[in-house]
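Colleague: I should like to learn how to read this model. May we go through it together?

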Protein chains: 2
Amino acid sequence: MTGSTSRSYHHGALRDALLQRAAEVIEAQGVERLTLRGLARDLNVSHGAPNRHFANREALLTTLATDAWEQMRQATLARAEAAPDDSWIRLNAMGRGFLTWAIQNRSLFSVIVHPDVARYAGEALEAAVDRFQETVRAAVAATQANGRHPQATLDALNLYTNAVPFGAAMLVHHPLLARPLTDASLDAFVAEIIELVVPIADRAG
Amino acid sequence: MTGSTSRSYHHGALRDALLQRAAEVIEAQGVERLTLRGLARDLNVSHGAPNRHFANREALLTTLATDAWEQMRQATLARAEAAPDDSWIRLNAMGRGFLTWAIQNRSLFSVIVHPDVARYAGEALEAAVDRFQETVRAAVAATQANGRHPQATLDALNLYTNAVPFGAAMLVHHPLLARPLTDASLDAFVAEIIELVVPIADRAG
DNA sequence: CTCCCATGTAGACGTCGTCTACATTGCGCG
DNA sequence: CGCGCAATGTAGACGACGTCTACATGGGAG
């Protein structure tokens, strides 16, 4: 119970607290509404304190984005590793892991797709993005080697395969296209979408 | 040649000039960098002048977004109307028109997908979005009536069909996923992506 | 021709990011 | 055990921004 909000001169874990609170603010109000001074107020530190941990606002967002890509990659891989050794079933599982994560983690996903974040990318962010891209691309290539869209180029097939969960998550999150989507229906919804990209109905036992 | 930059007291067409300049700024620097004061400077008017035409920054973006959805709808429909009377070929043409427009109009597309814009939507924007959605949905339903993915629900098929061009455009525009894409290769690239969603290779004459 | 109101100006206010000078304190080294 | 430095937090300043208000201008309807 470190519940006391009274702070000694040094916060002690301000960096982590900033990142956590930032995710909450983005979840509730969007990236645009995130301010360093607001975070400082929420955490009872002075308005300049965040600058000790992040050179500027973009740096904080970049850090958040790097975490997000890595989390998204983990969520994508997690289901694949539990799947049987069939490239189609594996990619289908990855797609479902990807889309489920993107829908359930609105704030982190919105940071990933926020154009202003990527503009000021550092090495860490670029590396995280590359890791994700390589992970998916390899799985896409494996399905094509197993007969999926043999006439397509790998580049196009890869872009298409990525575009579906990215686009679907974007549309689901878009305020003007909001569709009712209960937690109960999420799995079935995700499975139906991904089945259209990487069908496995005739493969499952 | 209305090249003289000297302005009489009244600009005369400030509203249109603001919208046009805003699109240029977004194209070059992104939505985040757009400021009303910057636009005023660029157009040699006082910092408060834009407020006579747009209640606030969001209102300007909302106007831009309404235009963008309508333009995107026109681009989507334009090719379809020149296509033969086959629902698959028609939807394929719409997809190519959609994706081509989204790639070629980076600034307007980025406004469309910007989360902060939709949050303050007015009736005009919502109506434009609805028109677009209805246009696509009808075309999707027509293909399903013609045997495309008969086992899927229309909601899922519609979301999937929309997600591909939305997601593909997003990925193409994403600074960290930038792929070389020359104007010459654009048509072939777009055609290949859309062929994966709405195949027509075995239908064309 | 005259007057009204749409349009533009000028200044003020509060917020933000960020810089700088200063305060505090945890921790490593003697 | 205690000293001193570097990490961390504070306080104030500056310029930019959005937006409000009071005022200025002039095009066009009557």
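The dialogue below turns to the symmetry, the contact and the DNA.

Modeller: This is a predicted model, in which local features need pLDDT of at least 70, side-chain atom pairs count only at pLDDT 80 or more, and totals for chains, interfaces and linings use all residues. Residues are numbered from 1 along each chain as its sequence is written, while chains are lettered from A and ligands numbered from 1 in the order in which they are written.

Colleague: By what turn can chain B be laid on chain A?

Modeller: Copies are superposed by least squares on the C-alpha atoms of residues with pLDDT of at least 70 in both. Here a turn of 180° with a shift of 0.0 Å along the axis lays chain B on chain A, at an RMSD of 0.0 Å. That is the relation of a two-fold axis. In chain B, G167(B) has the C-alpha nearest the axis, 1.9 Å from it.

Colleague: How many residues does each chain bring to the contact?

Modeller: Two residues are in contact if their C-beta atoms, placed from the backbone, lie within 7 Å. Chain B brings 33 residues and chain A brings 32. Helix 8 of chain B gives the most to the side of chain B that touches chain A, with twelve residues. The copies meet through the same surface, because 97% of the interface residues of chain B are also interface residues in chain A.

Colleague: Which residues are closest to DNA strand C?

Modeller: A residue is near a strand if its C-beta atom, placed from the backbone, lies within 6 Å of it. Of the 22 residues surrounding DNA strand C, the closest are N56(A), H11(B), V45(B), S46(B) and G48(B).

Notes:
Helix = DSSP H or I, 4+ residues; strand = E, 2+ residues; numbered from the N terminus.
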